[in-house]
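Reader: Please take me through one part of this model in detail. I would like the strands and the packing around them, with a word on confidence.

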Amino acid sequence: MPWTFALRRSGRMAAVFFFLTACLAAQETAPAGDPAVRELGEQVRELRTIVEQMRVENEQSRAEMRQLRQELQETRRMLTPGAAEDRARAALSANAESSAAPAQNVPAGTPVDLASRVQKLEESTQMLGSKVDEQYQTKVETASKYRVRLSGIALMNLFHNVGASDNMDLPSYAEPVQMGTNQANFGATLRQTEIGLEVFGPTLAGAKSSANVVFDFAGGFPNANNGVNFGLVRMQTASARLDWKQTSLIAGQDSLFISPLSPTSFASLAIPAFGNAGNLWGWIPQVRLEHRFQLSDQQTVTVQGGILDNLDWEQPATQYFRMAQAGEQSGQPAYAVRTSWSRPMYGHPLGLGVAGYYGRQNWGWDRYVDAWAAMADWQIPLAPRLSLSGEFYRGRGVAGLGAAIGQNILWGGNPLNPFTPIRGVDSAGGWSQLKLQLTHKLEVNGTFAQDDVFSSDVLGFTNDADNFGSPIFSRNRGALGNFVYRPRSDLLLSAEFRRFHTLTFFDGGNKTNQVNLAMGVLF
C-alpha cells in the first residue's frame, strides 16, 4: 500500500479526532432543554453515533498499519550494510510504479526515515484509538438484530425546607404548617433518577422507525420501614416513531407537545418545575402527526396535530382496576394542535409557537364541561450568552394539564347530590426564564411563574365545605434561581433556591422555601 495514501489516511483520522473534541466541547456548552436532561441526552446520542463511525475507521487504519509494518520488515531484510542506498532507491522505484509517485531523488538513509515516520504514524493511530475506545460503548444485547441504546441520569438531591408544602422533596405549592410540627425539615432522595432505552428499528416506507421508554423511581413509596428510600418504578414516557425527511408520526405516552418547554431545574425532574404554577405539562397517551416546512436554509415552520387521552386530574378509583374518568366518560378523545416558527440566532434557536386544546368532560347526570386552553411559547436569544424563554396559557377545566393548581371543576353544593351544579375552573398563568451562560461549563437561571384562578367562578358560587372540605386555591406564585455547573459533559452539579406563595379564597395564604443541592451523572 502506498505510503502517501497511509499519510493521507492519518491526516483524515487526526481531523476526525479534532472534530470529536469539538463535539464534546459543544456538548458541554449546550444549555438544558425541556427537560434539560433530554437535550443533553440527544447530544450524547449524536456523539455516540459519530464515535461508532470513528471506531470503524480506526479498525481500518490499524489494519493498514499492520500491512505497512510488514512491508517495512521485508524492506529491511532485503537491505545489506554495503548496498543500503541502492536497494532503498530500487524499492522506492518499484513502489513508485504502482503509486505514480516519483522516487528518483530519494535521499540517503530513507529506510531509517521511513521507519521513523511509520512508527510515529502508529503511535498517532494508537492514541486516536484509545480516545475512541474511551467513548465507544458496545450495543446493548437484544433478542432482535436492531440496536438499543441505554441512557439516563443518576441524580441525588439534598433539600432543606422552611414551611409546609404538598410534597417534601418535590413541592409544587405551599400549605399551612400543621400544629405540633416543626416548620423546617431536611432530607435527601435519589428517586428522580431516570433510566431510558432507545430502539432503532428498520426503515419502513422510507421512514426510519424508532422507539423509546423512560422510567424514574417517583411512583410512590412501599409500605415498609424507610420506604421513602425505595421509590417505586414509574413509567414517564414510552412511544414509537416513524420519521420521514419532513414528517413524523408519533404514537405512545409522551410529553405534552402543545407545551414543549420547561424551566431549567435539576431539583424537579419527576414533576417539571412549576407544574402547578403556570407550567402546563403531562405524560399523556397520544397519537400525533408533525410536518416541517423548510422556508429557507435557516427558517422552519412546524405544524403538529393529534388526539390525546382525555384525562382530568382524577385519582384512580381503585388500585388494580381502571375506571373511566370524566373526560373518558364523554366518549371522545381530547384534541390538540400547535404551530411554531424557528431559526438560529447567536448560535441558539429562536422560536415562537402557539397551540390549542379541547376536551369534553361528563361528570355524571349529564353535567358536561367543555375544557379548552390556548397557549403560547417562546425562546428568544437576547445575546450570545443570554436567552429568554417561557410559556403562557388561558383555559378552563384543564387541571389534567397541570393548570389551575390542580382544580378542574367546582361544586355548587353537595357533591353527592346528582342535581348539584358544577362549573369548570377558569384560569390563566405562565412562566418566564432568563438564562445566562457565564462560561461553557457554568450557567445561571432565574424563573418566575404564576397561576391564577378567576374569582368570578368561585365567589358567590361555592365554598370550601362544598368541595369536600378542601381549600380552594386562588393563586400560586413561584420563583427560583439556580446555578448549574458541568465540569464534564456527563457530570453536573446544581444549587437552587425555590419559593412558593400560595393563596386560597377563604383561608389566606402560605409560603414555603426550599434549598436544593443536586449531583447527577449522565450515561
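Author: What follows covers confidence, then the strands, then the cores, and last a single polar residue.

This is a predicted model. The average pLDDT of the protein chain is 85. A score of at least 70 is reached by 80% of the residues. Residues 23–33 fall below 50, yet this stretch has 33 contacts in the model beyond near neighbours in sequence. Over residues 80–85 the pLDDT also stays under 50. There the model has three contacts beyond four places in sequence. Where pLDDT is low, the predicted coordinates should not be read in detail.

Now the strands. β12 and β13 run antiparallel, joined by twelve bridges. One of the pairs is Tyr358 with Trp372 in β13. Five residues lie between the two strands in their hairpin. Gly364, in that hairpin, takes a positive phi near 90°. β13 also pairs with β14 (residues 386–396). That pairing is antiparallel too, over eleven bridges. Here Ala383 has Leu386 in β14 as its bridge partner. The hairpin from β13 to β14 passes through two residues.

Next, the packing. The largest nonpolar core has 17 residues. Leu256, Ile258, Leu308, Tyr357, Met375, Val398 and Leu401 have the most contacts inside it. At least two residues of this core come from each of β11 (334–345), β12 (348–362) and β13 (368–383). β13 gives the largest share, three residues. In general, nonpolar side chains in soluble globular proteins tend to be buried together.

Take Leu401 within this core. Beyond four places in sequence, Leu401 touches Leu256, Ile258, Leu280, Trp281, Ile284, Tyr357 and Met375. A second core is separate and has nine residues. Among them are Phe274, Ala277, Ala449 and Leu480.

Last, a polar residue. Asn161 sits in strand β1 (residues 148–162). Is Asn161 buried or exposed? Asn161 counts as buried because its relative accessible area is 2%, and the cut-off for buried is under 20%. What does the side chain of Asn161 reach at 2.7 Å? It reaches the backbone oxygen of Met168. A polar contact also links the side chains of Asn161 and Gln514, at 3.0 Å. Both partners appear among the residues in contact with Asn161 beyond four places in sequence: Met168, Gln183, Ala184, Asn185, Asn513 and Gln514.

Notes. Residues are numbered from 1 along each chain as its sequence is written. Side-chain values use heavy atoms; hydrogens and water are left out. A nonpolar core is a set of buried Ala, Val, Leu, Ile, Met, Phe, Trp, Tyr and Cys residues joined through side-chain atoms within 4.5 Å. Buried means under 20% relative accessible area, exposed over 50%, partly exposed in between (1.4 Å probe, protein chains only). Helices (H or I, at least four residues) and strands (E, at least two) are DSSP runs, numbered from the N terminus. Contact means heavy atoms within 4.5 Å. pLDDT is the predictor's confidence in each residue, from 0 to 100. A polar contact is a pair of N or O atoms within 3.5 Å; within protein, one must be able to donate a hydrogen and the other to accept it, and residues adjacent in sequence count only if both atoms are side-chain atoms. Two strands pair if DSSP finds at least two bridges between them.
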